[in-house]
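Here's a walk through one protein chain, with the sequence and the 3D view to hand. Have a look at both before reading on.

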Amino acid sequence: LVAASGGYMMACVADKLLAAPFAYVGSIGVVGGSPNVHKVLERAGVEVVQRTSGRFKRSLQQFEPNTPEGLQKYQEEIDAIHAAFKGHVSTNRPSLDIEVPRGGRGGLFSRRHVHDTST
């Protein structure tokens, strides 16, 4: 059972949480990605035509080589989502210090690593 980032985000507003001892129950992190197949398409002689409404409408490319500025923009987007996620956790779980030690770095932790406050 895995309820990592999405499950953790939803659980932040709950009054009580129950989880199996083997469940992964938390991760305050963001991951994103996309396959880049431009070399495969190029070898096959396939040309892709793509138009966007803005320079960074698609900062991470699938059909063309990625650019350093596009990759930088994508990282900025990931960082912004991460900051918003941490803000959501801080608002809904103010007793947590998500900056230390495992809180805001994206790793998973299992139910057995979670502090039991049911007593």
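What follows goes from the overall fold to a few local spots.

## The overall picture

First, a caveat: this is a predicted model. The protein chain averages a pLDDT of 80, and 77% of its residues score at least 70. Where is the confidence highest, and where is it lowest? Helix H2 comes out on top with a mean of 95, while strand S2, residues 109-110, sits at the bottom with 63.

As for the layout, the protein chain has three helices and two strands, and these run along the sequence in the pattern α-β-α-α-β. Of the 119 residues in the protein chain, 24% are buried. The accessible surface comes to about 8700 Å², with 56% of that belonging to carbon and sulfur atoms. Among contacts with a separation of 6 or more, 61% involve residues 24 or more positions apart.

## From S1 into H2

Start with the loop between S1 and H2, where Ser 34 is found. Ser 34 is partly exposed, because its relative accessibility is 29% and the partly exposed class runs between 20% and 50%. Which residues does Ser 34 touch, once those up to four places away in sequence are set aside? They are Leu 60 and Gln 62. With Leu 60, the C-alpha atoms are 7.3 Å apart, although 26 residues separate the two along the chain. With Gln 62, there's a side-chain to side-chain polar contact of 3.0 Å.

Move along to His 38, which is in helix H2. Is His 38 buried or exposed? His 38 counts as buried, because its relative accessible area is 15% and the cut-off is under 20%. Leaving out residues up to four places away in sequence, His 38 touches Gln 62, Phe 63, Glu 64 and Pro 65. Gln 62 therefore turns up twice here, as a contact of Ser 34 and as a contact of His 38.

## A nonpolar patch on the surface

Val 37 is in the loop between strand S1 (24-26) and helix H2 (38-43). It's partly exposed, at 31% relative accessible area. That value lets Val 37 qualify for a patch, because patch residues need over 30% relative accessible area.

Which residues form the nonpolar patch with Val 37? They are Val 40, Val 46, Val 48 and Phe 63, and the whole patch adds up to about 340 Å² of accessible area. Phe 63 is also one of the residues that His 38 touches.

## The loop between H2 and H3

Glu 47 is in the loop between H2 and H3. Glu 47 is exposed, with a relative accessible area of 70%. Its C-alpha is 9.8 Å from that of Glu 64, with the two positions 17 residues apart in sequence.

Ser 59 is in the loop between H2 and H3 too, but Ser 59 is buried, at 6% relative accessible area. Setting aside neighbours within four places in sequence, Ser 59 is in contact with Asn 66, Gly 70, Leu 71, Lys 73, Tyr 74 and Glu 77. With Glu 77 there's also a polar contact of 3.2 Å between the side chains.

## The salt bridge

How many salt bridges does a search of the whole structure find? It finds one. The partners are Glu 69 and Arg 55, whose side chains meet at 2.5 Å, N to O. Glu 69 belongs to helix H3 (residues 68-92) and Arg 55 to the loop between H2 and H3, so the pair ties together parts that are 14 residues apart in sequence. Why can such a pairing form? Side chains of opposite charge can pair when their charged atoms come close.

The two partners differ in exposure: Arg 55 is exposed, at 61% relative accessible area, whereas Glu 69 is partly exposed, at 42%. Arg 55 also has its C-alpha 9.0 Å from that of Gly 70, a residue 15 positions away in sequence. Gly 70 is in turn one of the contacts of Ser 59.

Note on methods:
Residues are numbered from 1 along each chain as its sequence is written. Side-chain values use heavy atoms; hydrogens and water are left out. Patches are made of residues with over 30% relative accessible area and no salt bridge: like charges are joined within 9 Å, nonpolar side chains (Val, Leu, Ile, Met, Phe, Trp, Tyr) within 5 Å. Accessible areas come from the Shrake-Rupley method with a 1.4 Å probe; for residues, only the protein chains shown count as cover. A salt bridge is a side-chain nitrogen of Lys or Arg within 4 Å of a carboxyl oxygen of Asp or Glu. Helices (H or I, at least four residues) and strands (E, at least two) are DSSP runs, numbered from the N terminus. Buried means under 20% relative accessible area, exposed over 50%, partly exposed in between (1.4 Å probe, protein chains only). pLDDT is the predictor's confidence in each residue, from 0 to 100. Contact means heavy atoms within 4.5 Å. A polar contact is a pair of N or O atoms within 3.5 Å; within protein, one must be able to donate a hydrogen and the other to accept it, and residues adjacent in sequence count only if both atoms are side-chain atoms.
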